[in-house]
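The exercises below ask you to work from the sequence and the coordinates together, taking one region at a time. Try each task before you read the solution that follows it.

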Amino acid sequence: MIPFDVKNTILVTGAAGFIGFHLSRLLLSEGAAVVGIDNMNDYYDVRLKESRLEVLNGYERFTFVRGSISNEELVNYVFSDHHPDIVVNLAAQAGVRYSIDNPRSYVDSNLVGFFNILEACRDSYNMDSGVKHLVYASSSSVYGNQEKTPFSVSDPVDHPISLYAATKKSNELMGYAYSHLYGIPMTGVRFFTVYGPYGRPDMAYFKFADKMRRGEPIQIYNNGDLLRDFTYVDDIVAGLERMLCNPPEDDGQAQHALYNIGNNSPVRVLDFIDVLEEELGMKAVREYLPMQPGDVYQTYADVDDLERDFGYRPSTTLKQGLHEFAKWYRDYYQI
């Protein structure tokens, strides 16, 4: 069952990014009209973004706008020209370690860019054909190094240990304020270590695969003593899709809600590498290093709220997910 009206126009920012691509492809395959924005920056290999975009351009109801959401004029043009009914803001400068050396790019994209989206939604919401729901990406990074597990959206998240995490927490606060002040329905989603085909080359699993292919050592931080709630990308977008036409109820203060989307099953990084080796048919040369600044020891999603409100929880096993990634990876790089 398609949980949205196919007559609606859905705006996806970061459409050529990892999650944005998979969500856009899913919506287009079910008949939705999708307008995608992406600045196609070179944070990682642009050719991968172009290959995602090539797939999306094969759908008749896909419209692409190249540019940054930090450009207020561009954002306003997209809203006035395409009149989106639902907005999914996935555009952001990603990466925890990158934020340590390149903080300004996070302010431009994650703060200024999100502000431009909020303002455009506010202007649109005052129109009869305005935005009905804004769904935006947050991150499990907001939980920092808290010891309580699993991580719940009701937990205090006041101690970010990276600028990236701080910008994502700021997005949640900005979203709540705009919903309270202007009545815009909003849902923030905290993603947990997403992996899968067409993934991000800056993510550890993709780096591992690249180095294994080239016979180079892989860097394993904290001597491998890390836990991650690895979540397959199809599970992420299936959760997002269920939210699109189900905005939160007004609690008397705001129409705003937060959810985790994670696999609810943390895995040791060393075990993850074992499965990746098996699926790729390659062995890794392992180099063990200390904990890196900005890293957290573990991530672990409490998804009870997601199941309660949407009847959904991620279910793809690590072996299933890495099998699909490895199959795509070998084909994409022709190995």
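**Exercise 1. Place V107 in the predicted model, classify its accessibility, and find the surface patch to which V107 belongs.**

Solution. Begin with the secondary structure: V107 sits in helix α5, which spans residues 103–125. Next, take the relative accessibility of V107, which is 34%; since buried means under 20% and exposed means over 50%, V107 counts as partly exposed. Finally, look at the surroundings on the surface, where V107, V112 and L163 form a nonpolar patch whose accessible area is about 190 Å² together.

**Exercise 2. Work out which residues of helix α3 are buried and how they are arranged around the axis, and then describe what is found at the two ends of the helix.**

Solution. First, go through residues 72–82, which make up α3, and mark L74, V75, V78 and F79 as buried. These residues cover an arc of only 130° around the axis, and therefore they lie on the same side of α3. Then turn to the face directed away from that buried side, where the exposed residues E72 and E73 are found. At the N-terminal end, N71 acts as the cap, with a side-chain oxygen 3.1 Å from the backbone nitrogen of E73. After the helix comes H83, which has a positive phi, near 45°.

**Exercise 3. Decide whether N8 is buried or exposed, and list the contacts of N8 outside its own stretch of sequence.**

Solution. Locate N8 in the segment before β1 (9–13). Its relative accessibility is 11%, and so N8 counts as buried. If neighbours within four places in sequence are set aside, N8 is in contact with A33, D85, I86, K132 and C245.

**Exercise 4. Determine how many of the residues in helix α8 are buried, and name them.**

Solution. Helix α8 runs over residues 233–243, and nine of its eleven residues are buried, so that the helix is mostly covered. The buried residues are V233, D235, I236, V237, A238, G239, L240, E241 and M243.

**Exercise 5. Examine the salt bridges, comparing the setting of R200 and D202 with those of the two pairs that involve helix α9.**

Solution. As a starting point, side chains of opposite charge can pair when their charged atoms come close. The count for the model comes to 20 salt bridges. In one of them the side chains of R200 and D202 meet at 2.6 Å, N to O, and both of these residues are buried.

Now take D274 and R286, whose closest N and O atoms are 2.8 Å apart in a salt bridge. This pair links distant parts of the chain, with D274 in helix α9 (residues 269–280) and R286 in strand β13 (residues 285–289), twelve residues apart. D274 is partly exposed at a relative accessible area of 37%, and R286 also counts as partly exposed, at 27%. Both residues belong to a network of salt bridges that links D274, E277, K283 and R286.

The last pair is E278 and K319, with the closest N and O atoms 3.0 Å apart. Here, too, distant parts of the chain are linked, since E278 is in helix α9 and K319 is in helix α11 (residues 318–332), 41 residues apart. E278 is exposed, with a relative accessible area of 53%, whereas K319, at 43%, counts as partly exposed.

Definitions and conventions:
Residues numbered from 1 in each chain as written. Predicted model: local features only at pLDDT ≥ 70, side-chain atom pairs only at ≥ 80, totals over all residues. Heavy atoms only, no water. Buried < 20%, exposed > 50% of the residue type's maximum accessible area, 1.4 Å probe, protein only. Helix = DSSP H or I, 4+ residues; strand = E, 2+ residues; numbered from the N terminus. Arc of directions from axis to C-beta. Polar contact = N/O pair within 3.5 Å; in protein donor to acceptor, adjacent residues only side chain to side chain. Contact = heavy atoms within 4.5 Å. Patch = residues over 30% accessible without salt bridge, like charges linked within 9 Å, V, L, I, M, F, W, Y side chains within 5 Å. Areas by Shrake-Rupley, 256 points an atom, 1.4 Å probe, with all protein chains shown as cover. Salt bridge = Lys/Arg side-chain N within 4 Å of Asp/Glu carboxyl O.
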